[in-house]
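Visitor: I'd like a close look at one part of this model, the sheet. Could you walk me through how the strands are put together and what the cysteines are up to?

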Amino acid sequence: MRRKDLTGMKFGRWTVLTWSDEKIAGRTTYKCVCECGTAKLCLACNLKSGNTLSCGCFSRETTSRIKKKHGKS
């Protein structure tokens with residue numbers, strides 16, 4: 001079965017750099033970089049399905065914004 005090349009595509013905050021020959025649970029992985037600069041291996045199926053959108057930076061940003069009171073910490 002041929003894999004689709006995702007190099008250069010964006011998924012949420014992830015940008016796919018290159019295909020990785022490393023497998024996680026027998027699945028295809030890609031080397032990706034988040035907008036915040038974090039690099040990580042991501043499963044192709046998670047990128048395509050939308051199960052991963054960032055390295056966690058989006059969640060941290062959203063949480064800190066919600067927890068602030070009157071614009072102060």
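**The sheet, strand by strand**

Guide: Let's start at the front end: β1 and strand β2 (residues 14-24) pair in the antiparallel sense, over 2 bridges. A quick word on terms: strands are DSSP runs of E, at least two residues long, numbered from the N terminus, and two strands count as paired if DSSP finds at least two bridges between them. Keep in mind that this is a predicted model, where local features need pLDDT of at least 70 and side-chain atom pairs count only at pLDDT 80 or more, while totals for chains, interfaces and linings use all residues. Residues are numbered from 1 along each chain as its sequence is written, and side-chain values use heavy atoms, with hydrogens and water left out.

Back to that pairing: Phe-11 sits across from Trp-14 in β2. On to the next pair, β2 and β3, which run antiparallel over 8 bridges. Here Thr-15 faces Val-33 in β3. The two strands make a hairpin with 2 residues between them, and in the turn Ala-25 has a positive phi of about 55°.

Then comes the pairing of strand β3 (residues 27-34) with β4, again antiparallel, over 5 bridges. You can find your place with two cross-strand pairs: Tyr-30 is opposite Cys-42 in β4, and Cys-32 is opposite Lys-40 in β4. This hairpin has 4 residues between the strands, and Gly-37 takes a positive phi near 110°.

Put it together and you get an open sheet of 4 strands in the order β1-β2-β3-β4, with antiparallel pairing. The edges are β1 (10-11) and β4 (39-43), each of which pairs on one side only. As background, strands of a sheet pair through backbone hydrogen bonds, either parallel or antiparallel.

Now for the cysteines. Searching the whole structure turns up 0 disulfides, a disulfide being a pair of cysteine sulfur atoms within 2.5 Å. Take Cys-34: it is in no disulfide, and the nearest cysteine sulfur, that of Cys-57, is 3.6 Å away. Seen from the other end, Cys-57 is in no disulfide either, with the sulfur of Cys-34 as its nearest cysteine sulfur, 3.6 Å away.

How accessible are they? Cys-34 counts as buried, because its relative accessibility is 4%. Cys-57 is buried too, with a relative accessible area of 4%. The cut-offs are under 20% relative accessible area for buried, over 50% for exposed, and partly exposed in between, using a 1.4 Å probe and protein chains only.
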